[in-house]
Amino acid sequence: MRYWLFFAAKLAFGALLFTGIWMGMEAFLPEPATIQDVKLGRFGQDLTWTTAIFVYFLAAAGALYVIVLDQRYRCRTCLRRLRMPVNVGAWDKMLRIGKPQMEYICTFGHGTLNVTLVNFTGEGDNWREHDDNIWRELESLSAGDRK
Ligand SMILES: [Zn+2]
């Protein structure tokens, strides 16, 4: 839940930022010229506005891409960036060893993300949450020492 709230907050911030940029463009860019009572349109007829809208669109699309990309490589539990990418599988022995994947891990042990490098069937990323078995085993060992 926290993961999706963070994603929604980033999207809302991006929408707010680009709404502000659009309002700034409307405030500072000159209106298109009027020729004999015919007002030219902003997009496609006025070069300044057309260029500004192209740049605005590219910046907005790039920001959306960065937001989604950043969210993809975050831990689903603690929202920290996933670290330590490791290649898993093999390109030349795909049927025996497995499809090539990049495996990322949360440094606090919450889970592992497997990103497939070959995507034949449209399957997405595979997030596996880790149990805290290691910690339970350690606690049981230390509890066993005390008895
Ligand atoms: Zn984590």
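This report describes the overall form, the long first helix, the nonpolar core and one glycine of a protein chain, using a predicted model.

**Overall form**

The protein chain contains three helices and six strands, and along the sequence these elements follow the pattern α-β-β-α-β-β-β-β-α. The radius of gyration of the protein chain is 25 Å, whereas a compact globule of 147 residues would have a value near 15 Å. Along the principal axes, the C-alpha atoms occupy a box of roughly 95 × 45 × 20 Å. Burial is counted for 4% of the 147 residues. When contacts between residues at least 6 apart in sequence are considered, 31% of them join residues at least 24 apart.

The domain assignment divides the protein chain into domain 1 (2-72) and domain 2 (83-146), and the centres of domain 1 and domain 2, taken over C-alpha atoms, are separated by 39 Å.

**Helix α1**

Helix α1 covers residues 2-28, and from its first C-alpha to its last it reaches 39 Å, close to the 39 Å expected for its 27 residues at 1.5 Å a residue. Of those 27 residues the number buried is zero, so helix α1 lies largely in the open.

**The nonpolar core and its surroundings**

In soluble globular proteins, nonpolar side chains tend to be buried together. Here the largest nonpolar core has five residues, namely Cys75, Leu82, Tyr104, Cys106 and Leu113. Two of the residues discussed in this report, Tyr104 and Gly111, have the contacts listed below, where residues up to four places away in sequence are not counted.

| Residue | Residues touched |
|---|---|
| Tyr104 | Tyr73, Leu82, Arg83, Met84, Pro85, Thr112 and Leu113 |
| Gly111 | Cys75, Arg76, Thr77, Cys106, Trp127, Arg128, Glu129 and His130 |

Tyr104 thus touches Leu82 and Leu113, which are also listed in the largest nonpolar core. Gly111, for its part, touches Cys75 and Cys106, and these two cysteines likewise belong to that core.

**Gly111**

Gly111 is placed in strand β5, which spans residues 111-116. Is this glycine buried, exposed or partly exposed? Gly111 counts as partly exposed because it has 18 C-beta neighbours inside 10 Å, while a buried residue would need 20 or more and an exposed one would have 12 or fewer. With respect to the start of the chain, Gly111 and Leu5 lie 106 residues apart in sequence, and their C-alpha atoms are 19 Å apart in space.

Notes
Residues are numbered from 1 along each chain as its sequence is written. This is a predicted model: local features need pLDDT of at least 70, side-chain atom pairs count only at pLDDT 80 or more; totals for chains, interfaces and linings use all residues. Helices (H or I, at least four residues) and strands (E, at least two) are DSSP runs, numbered from the N terminus. The expected span of a helix is 1.5 Å times one less than its number of residues. Domain bounds come from an automatic or database domain assignment. A nonpolar core is a set of buried Ala, Val, Leu, Ile, Met, Phe, Trp, Tyr and Cys residues joined through C-beta atoms within 7 Å. Two residues are in contact if their C-beta atoms, placed from the backbone, lie within 7 Å. The radius of gyration is taken over C-alpha atoms; the globule rule is 2.2 Å times the number of residues to the power 0.38.
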